[in-house]
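Please find below a reviewer's note on the structure, written for a reader who is new to such models. It is best read with the sequence and the structure in view.

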Amino acid sequence: MRTPRLIVIALLTLAAAACLEAPPFAPDVTTVNFAPELGVDFENSTRTSSGLYYRDLVVGDGEVMRQVDGDTAVVRYTGWLRNGIEFDSNLGSATPYIFETGAGQAIAGFDEGVRGMKVNGERQLIIPPNLGYGGAKLANIPRHSILVFTVRLVAVRLPTPQ
């Protein structure tokens, strides 16, 4: 009768080891607390099918960032963890952040979040971990972090016809 007991112990050990490697439970972003100074407002935000939330703080007056891959976004941004700690910003930089949509040059939630914006617009993005850095740990961003960005679209550059 030792064999079944050893099998149970082995299975429990494997399950425990798997739990150590598995990401922590990722709650719905609307159920966690955000620092009040971030101004997160889910009632006035739009949720996309991917789980991204966005809210236009300022509707721009210029060209629209299309919903297709291949356009180039020129943006100014600040990013925070949900506890209000700023982890990145290019507001003080001489150059804006420039990336091509759909080319993997930005995290998925950021790439998705600028689409549909108008130049001179400002948008808040609430990015769940699966659209951010997921289980990767960066210097100042813990694993499985929910990210909050304020993004201002400076310009849109359309692809040059071939």
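The numbered points below go from the chain as a whole to particular strands and side chains.

1. Status of the model. The structure under review is a predicted model. The values quoted in this note should be read with that in mind.

2. Overall layout. The chain contains two helices and seven strands. Read from the N terminus, their order is α-β-β-β-β-β-α-β-β. Of the 162 residues in the chain, 37% are buried. The accessible surface amounts to about 9600 Å², and carbon and sulfur atoms account for 55% of this area.

3. Contacts along the sequence. How much of the contact set joins residues at least 24 apart? Taking the contacts between residues at least 6 apart in sequence, the share is 66%.

4. Strand β6 and its partners. Strand β6 covers residues 122-127, and five of its six residues are buried. With β2, strand β6 pairs in the antiparallel sense over five bridges. With β7, which spans residues 147-157, strand β6 is joined by six bridges, and these two strands also run antiparallel. One position can be checked directly in the view: I127 has L147 in β7 as its bridge partner.

5. R123 and D56. In the pairing of strands, D56 stands opposite R123 in β6. The side chains of these residues also meet in a salt bridge, with a distance of 2.7 Å from N to O. Because R123 belongs to strand β6 and D56 to strand β2, this salt bridge ties together parts that are 67 residues apart in sequence. Are the two residues buried or exposed? R123 has a relative accessible area of 3% and is therefore buried, the cut-off being under 20%. D56, at 36%, is partly exposed.

6. A network of salt bridges. Side chains of opposite charge can pair when their charged atoms come close. The whole structure holds four salt bridges. Among them is the one between D69 and R115, at 2.7 Å from N to O. D69 lies in the loop between β2 and β3 (72-81), and R115 lies in the loop between α2 (108-114) and β6, so the pair ties together parts that are 46 residues apart in sequence. R115 also forms a salt bridge with D111, where the closest N and O atoms are 2.6 Å apart. D69, D111 and R115 are thus linked in a network of salt bridges.

7. Exposure within the network. D69 is exposed, with a relative accessibility of 53%. R115, by contrast, is buried at 12%. D111 is buried as well.

8. Aromatic pairs. A pair of aromatic rings is described by the distance of the centres and the angle of the planes. Ten aromatic pairs are found in the structure. In the pair of F42 and Y53, the ring centres are 4.8 Å apart and the planes stand at 80°, so the arrangement is edge-to-face, for which the angle must be over 60 degrees. F42 is in the loop between α1 (2-21) and β1 (46-47), whereas Y53 is in strand β2 (residues 53-58), so the pair ties together parts that are eleven residues apart in sequence. Y53 counts as buried, with 8% relative accessibility.

9. An aromatic cluster. Which residues are linked into a cluster by ring pairs? They are Y77, F87, Y97, F99, F110 and F149. The reader may wish to locate these rings in the view.

Technical notes. Residues are numbered from 1 along each chain as its sequence is written. This is a predicted model: local features need pLDDT of at least 70, side-chain atom pairs count only at pLDDT 80 or more; totals for chains, interfaces and linings use all residues. Side-chain values use heavy atoms; hydrogens and water are left out. Rings of Phe, Tyr and Trp (its six-membered ring) pair if their centres lie within 6.5 Å; planes under 30 degrees apart count as stacked, over 60 as edge-to-face and the rest as tilted. Helices (H or I, at least four residues) and strands (E, at least two) are DSSP runs, numbered from the N terminus. Buried means under 20% relative accessible area, exposed over 50%, partly exposed in between (1.4 Å probe, protein chains only). Two strands pair if DSSP finds at least two bridges between them. Contact means heavy atoms within 4.5 Å. Accessible areas come from the Shrake-Rupley method with a 1.4 Å probe; for residues, only the protein chains shown count as cover.
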